[in-house]
Amino acid sequence: MSDWILVVDDDTSNLKMASRILCSEKIRVSCLKSGEDAIKFLQENRPDLILLDVHMPGMNGFETITAIRENKVTADIPVIFLTADDDSSTETKGLEAGAMDFIKKPFIPEVLLLRVRHTIDLIRLQTNLTNEVEKKTQEVTAQHEKIKRMSMQIVKTLSGAIDAKDTYTNGHSTRVADYSKEIARRAGFSEERQNDIYMMGLLHDVGKIGVPDAIINKPAKLTDEEYSVIQNHPVLGAKILKNITEFPKLSTGARWHHERYDGKGYPDGISGEDIPEEARIIAIADAYDAMSSRRSYRDVLPQTRVHDEVQKGKGTQFDPVFADIMLSMIEEDTDYQMREK
């Protein structure tokens with residue numbers, strides 16, 4: 001079955017162009033000219049994605065998406081805004097209202113198709129993950145080990161999809177999971193807790209599924225509004241993972257890996273030992289990998305610089321015990337192999 005997209009725009013020429021571009025890829029398209037018509041249409045139909053114009057007579061795009069999100073039946077349908085506006089306030093308002101992304105008008109066919117396909121794939125992956133975990137956890141005990149192996153494969157696939165959103169990183173989630181597990185091992189954690197922390201590390205950035213690619217991959221400095229969108233990914237990640245009831249602590253790393261030992265982190269501003277141990281470990285592993293990986297604005301930092309930054313953050317940004325373990329790992333890595341290749 002082909003993907004189904006609803007395009008809502010009061011401009012007939014925009015509807016025709018979007019329909020022509022999408023239909024060329026065998027995508028099913030429905031076109032409407034007002035927010036009111038869209039709300040009526042969604043009472044009996046469920047498209048895979050909605051492309052929604054911001055400025056329309058009657059119900060504008062913001063009012064329409066609010067009505068969509070307030071209806072339990074339609075609340076989870078992904079929405080991409082269509083706009084000719086070029087200001088950050090429009091994007092910020094749209095993202096706060098629940099839009100997944102923005103597409104600028106006039107349309108560039110390749111951009112339109114890529115953003116539509118990427119959004120549909122990400123939502124489908126998230127849905128499939130939740131459905132698969134729920135299904136497998138209902139199986140009999142005799143299949144428990146098989147389920148664990150399958151769940152790990154699904155988690156690794158998801159972590160790879162998360163990392164793929166960032167053009168400038170490769171394998172970030174896997175490296176953070178590896179570093180976190182090694183820190184836990186050196187701290188004397190049991191093998192079971194080490195494995196739990198590894199799983200948490202793989203999914204610590206799952207909330208970035210809800211952050212637009214344009215923000216994640218922006219080469220210039222983020223605006224305050226864009227930074228606030230980035231800062232919401234721990235909350236979104238925890239919300240995604242809390243539904244996996246077989247592993248209730250899985251959301252720990254996702255929610256609190258940006259907290260600081262001195263209480264100046266986010267999203268909750270907790271400090272010291274109020275931050276769960278697993279999150280304190282993942283926090284330093286995450287920071288280390290950020291410094292030892294390429295970014296849009298810089299190359300891999302020299303190992304001496306990374307060592308100095310970890311030392312400087314000990315007791316303020318990082319738990320001092322786990323910072324000391326990371327410092328030992330850096331000092332033992334004489335050839336600087338512990339970094340993005």
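A residue counts as buried when its relative accessible area is under 20%, and as exposed when that area is over 50%. Keep those cut-offs in mind for this predicted model, starting with the end of the chain.

**After the last helix of interest**

Tyr336 sits in the segment after α15. Its relative accessibility is 12%, so Tyr336 is buried. This residue also has a positive phi of about 50 degrees, although it is not a glycine. Thr334 belongs to the segment after α15 too, but with 65% relative accessibility it counts as exposed. The C-alpha atom of Thr334 lies 9.3 Å from that of Gln303, a residue 31 places away along the chain.

**The α14–α15 pair**

Gln303 brings us to helix α14, which spans residues 303–313 and packs against α15, residues 320–332. The angle between the two is about 165 degrees, and their axes are 10 Å apart. Angles over 145 degrees count as roughly antiparallel, and α14 and α15 are therefore roughly antiparallel to each other. The crossing of α14 past α15 is left-handed. On the α14 side, the contact is made by Gln303, Val306, His307, Val310 and Gln311; α15 contributes Ala323, Met326, Leu327, Ile330 and Glu331. Sorted by class, this contact has six nonpolar, three polar and one charged residues.

**Two nonpolar cores**

Which residues have the most contacts inside the largest nonpolar core? They are Val310 and Met326, in a core of 46 residues. Helices that each supply at least two residues of this core include α5 (109–136), α6 (144–164), α13 (277–291), α14 and α15. Leaving aside residues up to four places away in sequence, Val310 touches Ile284, Met291, Phe318, Ala323, Met326, Leu327 and Ile330. A second, separate core has 25 residues, among them Val8, Ile50, Phe62 and Ile68. In soluble globular proteins, nonpolar side chains tend to be buried together.

**Backbone details worth a look**

Two cis peptide bonds are listed here, each with the place of its proline.

| Cis peptide bond | Omega | Place of the proline |
|---|---|---|
| Lys105 to Pro106 | near 0 degrees | loop between β5 (101–104) and α5 |
| Tyr266 to Pro267 | about 10 degrees | loop between α12 (251–256) and α13 |

Is Lys26 buried or exposed? Lys26 is exposed, with a relative accessible area of 68%. Lys26 is found in the loop between α1 (12–23) and β2 (28–32), and it has a positive phi of about 65 degrees without being a glycine. Positive phi thus appears at Lys26, which is exposed, and at Tyr336, which is buried.

Conventions:
Residues are numbered from 1 along each chain as its sequence is written. This is a predicted model: local features need pLDDT of at least 70, side-chain atom pairs count only at pLDDT 80 or more; totals for chains, interfaces and linings use all residues. Side-chain values use heavy atoms; hydrogens and water are left out. Axes are lines fitted to C-alpha atoms, for helices over the stretch in contact, and angles run from 0 to 180 degrees between N-to-C directions. Helices (H or I, at least four residues) and strands (E, at least two) are DSSP runs, numbered from the N terminus. Angles under 35 degrees count as roughly parallel, over 145 as roughly antiparallel, 65 to 115 as roughly perpendicular and the rest as oblique. A crossing is left-handed if the near helix is turned anticlockwise from the far one by less than a right angle, and right-handed if clockwise. Contact means heavy atoms within 4.5 Å. Ala, Val, Leu, Ile, Met, Phe, Trp, Tyr, Cys and Pro count as nonpolar, Asp, Glu, Lys and Arg as charged, and the others, Gly among them, as polar. A nonpolar core is a set of buried Ala, Val, Leu, Ile, Met, Phe, Trp, Tyr and Cys residues joined through side-chain atoms within 4.5 Å. Buried means under 20% relative accessible area, exposed over 50%, partly exposed in between (1.4 Å probe, protein chains only).
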